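Biologist: Could you take me through one part of this model slowly, as I am new to reading structures? I would like a close look at the place where two of the chains meet.

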Amino acid sequence: MNRFFGFVKKEFQHIFRDVRTLVILFGLPMVMIILFGFVVTTEIRDVEVGIWDRSMDQASISATQKIFASGYFIPAGYLQHEEEIGELFRSGRAKVVVVFEEGFERHLQRENRAAIQLITDASDANSAQLSLTYLQGVLMTYFQSMNQEIEMPWSVNMKSRMFYNEELKGVYMFVPGLMALILMLISALMTSVTITREKEFGTMELLLASPLKPREIILGKVTPYVLLSFVNAMTIVLMGFLVFGVPVVGSLWLLMLECILYITLALSIGVLISTNAKTQQMAMFISMVGLMLPTILLSGFIFPIDNMPKVLQWFSTLMPARWFIVVIKNIMLKGTGFAFIWKETLILLGMTLFFILASVKRFKIRLN
Amino acid sequence: MVDHEHIIEVKEMVKKFGSFRANDRLTFYVEKGEIFGFLGANGAGKTTAIRILCGLSYPTSGEIMVAGHDVYREREKIKRKIGYMSQKFSLYEDLTVSENIRLYAGIYGLGRNQIASREEQLLERLALSHIRNRLIREIPLGWKQKLAFSVAIFHQPAIVFLDEPTGGVDPITRRQFWEMIHDATEEGITVFVTTHYMDEAEYCDRVSIMVDGRIDALDTPAALKQQFESKNMNEVFLKLARR
Amino acid sequence: MSLIIDHIDKSFDAVQALSRIDFEVQDGELFGLIGPDGAGKSTLFRIMASLLVPDAGRCIMHGYDVVDDYREVRKIIGYMPGRFSLYMDLSVEENLAFYARVFGTSVEENYDLISDVYEQIAPFKRRLAGKLSGGMKQKLALSCALIHRPRVLILDEPTTGVDAVSRREFWDMLKKIQGQGITIVVSTPYMDEAEMCDRVALIQKGRVLEISDPSIPRDGDDTQLFSLRSNRGVYAYLERVRSMEGCKHAWLFGDQLHVTPKSKDNAEKMKSVMDSWDDPSLQWKPILPSIEDRFMGLMEQESEEHSTNGERI
């Protein structure tokens, strides 16, 4: 035990002496939260919408009313000619223009289909995309409620873009996602780098030539990062609450336990990476490209899983972050208990065991 | 006239790092065409001094002329007139022998025809023509070292600085290397060399020994041995450094 | 017997790093492995430290096989790798305390063993290891390798790149450690350090050329070795001597030339030619070969044997 504590103490000394490690460890999560919270907002509010209603019938008028009743959009004027669209965009008075085709209601009733054109000022691609999604959502809900038999003239993927809608505000959504991302990145990156650093500096050679067992070396290296990552997780939760008012509706204890499980999982992935990487640079590269990108893209953090092609959906089930996000969302936002997340927890537990076993097995007792 | 003979002239050179004096009022000269041994214990300040003489860092004070140029104002000119080789070589492991030669020749602005003919000469002299297209990492240490030296003097510099050039090589290669150094001086190149092998100090025309940032002894090996009543340079060195 | 190296072979891809290495080290012996970089010294030391597995042959450390019983081996050895392998961002005392704990002991417990070495760096004990000079780094590394009172100390090129004074001090310390009953196996590229060892193995290109006791002067070789001195400097004579008919080899050797004539008769003939060179300070006399002379002689022999393919370094 003395051996182990000696190791952990040494590891803390490394961490607290290296400014860069400290910055990544504590600065990065803060910066990311603030960035995501304020800049990459996934909410829209008071978007100016112009209406060019070429039929002015019952259906188009009530659809227009629905748009402005949704709370996201405000009217920017009613147009008469096509040329006015460009003018409106150029003057910056509108971001989106909705065009109802001539004889809108008639088409709906006779052919079960009618066309609405949504034109957007895509110079700000992000918010344009977002506005479109919201608009489609509003319109679709309306037409569906009006008449079940009417087929929608829009593409199938619309429904899934409801994702961003109504009851979930953007910040609420991104806190669990960001937590999953940051913990994965910090834990896996830090452990893989710290272990490969010993290889690169030749100190691993001495550790191997000592009576230390592989599991002692791994545990000694990883323990400090479990503690630090846990502090990190709690910082994110706290910041989410203080800065953005994201509550923890469910049990804080359960949340902590799940965090520890996920951190352990990420750390064991880090150890596994380190058994394959010879240099710190390589470890960093694998962690970034092999972990961070898939976590961002496939975990459902930014892009809804339902929208993905089947193959990617299947891949996303391999992402630990995907399950962790579900767990955290349930605990933090919905306040559900363990009964509702035992399945995800079990998956995370299984993954953890797998990576721990794999990394202990791959950890070499000799130089290669 | 005398000034022309002194290819390096150092007067009262001081280099401070904070309050630490890495070089403490060094004064010496190096004559054109001689082999000048620059010895000293680890941390005595040798590397600091060499970096200044090569125009890689500024001294804190003192007058220093290298190859007729001032180290404060004419560093670029100095760099053009010197060659440098360190223990860790300066060859690219993933380039071939020939590519390395051409690379360095290009850096020093040699013309295409000049490069081709001199490359041929060099490879012939080292008897390395048959491996010109092999990667550096594939050839033995001894060959690498000789090649690195040849590359360092490829542009016919006035002075070549050798920082522990023979570390770790076998005794025969080490001697062949010193024969190459002697050959270079016959072409008029001045050699400024550091080493931890004390027998190599004997091959130098004059030797300086640094202790704690100062030059404590400077003379021919024979005179130093007489002065310190020692039978070889190793004893001289031990006596000085332990004083 | 402390260490038995039994016909060890090791290759990396196509490169044969070690071939048929075979020697034994007695309890309490100071055994040196002498050879240039790339001779295979580090590979052999890593095998001894249980860090590499030989392709063939065995290495037995105090009765334990370094492959099968590596756990036991790791308890009884103190290993100092060729590269400085301590934590640069930890201080001197933190490094030492860490290695003590790794081996389940404490600095106090074995302080008497390292006191000689450690007292020289103790004034800097709060300094970060990365900021130490080369000589001090070596002393710290030695302290760390010794802190658990190993039975065998394995030191891979501890004096490489270290100045002559620090090297001398380092060897003095090794002698004292040997006096405590610890077996020491050490490698070095510096031939002059051979005389500090009880026995040395000369190693080149993965093969042991010879194992010898440096304190026993070697003569009675088929050829003899002569030294040539002159107040005018000997380099000027090098080519002249080499071009003489009876000369086998001539090499610079400090302030002398070391000359191996083809035979004893040739030595006489060479002497008479030199007398005609009109240099009264010229001294020509037979000498006993040093380890470095031996090494060079054996290298020449090897390359002559292999000169059929024409490649020579």
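Modeller: Happy to help; here is a walk through the meeting of chain B and chain C. This is a predicted model, where local features need pLDDT of at least 70 and side-chain atom pairs count only at pLDDT 80 or more, while totals for chains, interfaces and linings use all residues. Residues are numbered from 1 along each chain as its sequence is written, chains are lettered from A in the order in which they are written, and side-chain values use heavy atoms, with hydrogens and water left out.

Let's begin with the contacts, meaning heavy atoms within 4.5 Å: 36 residues of chain B touch 33 residues of chain C. The size of an interface is often given as the accessible area lost when the parts come together. Here the buried area (accessible area lost, 1.4 Å probe, summed over both parts) is about 2,900 Å², and carbon and sulfur atoms give 60% of it.

Next come the charged pairs. Four salt bridges link chain B and chain C, a salt bridge being a side-chain nitrogen of Lys or Arg within 4 Å of a carboxyl oxygen of Asp or Glu. B:Glu179 makes a salt bridge with C:Arg242, and their closest N and O atoms are 2.6 Å apart.

Which parts of chain B do the touching? Helices here are DSSP runs (H or I) of at least four residues, numbered from the N terminus. Helix 6 (141–152), helix 7 (171–186), helix 8 (198–201) and helix 10 (233–242) of chain B each supply at least two residues to the side that touches chain C. Helix 7 of chain B gives the most, with 11 residues.

Technical notes. Buried area = accessible area lost by both parts, 1.4 Å probe.
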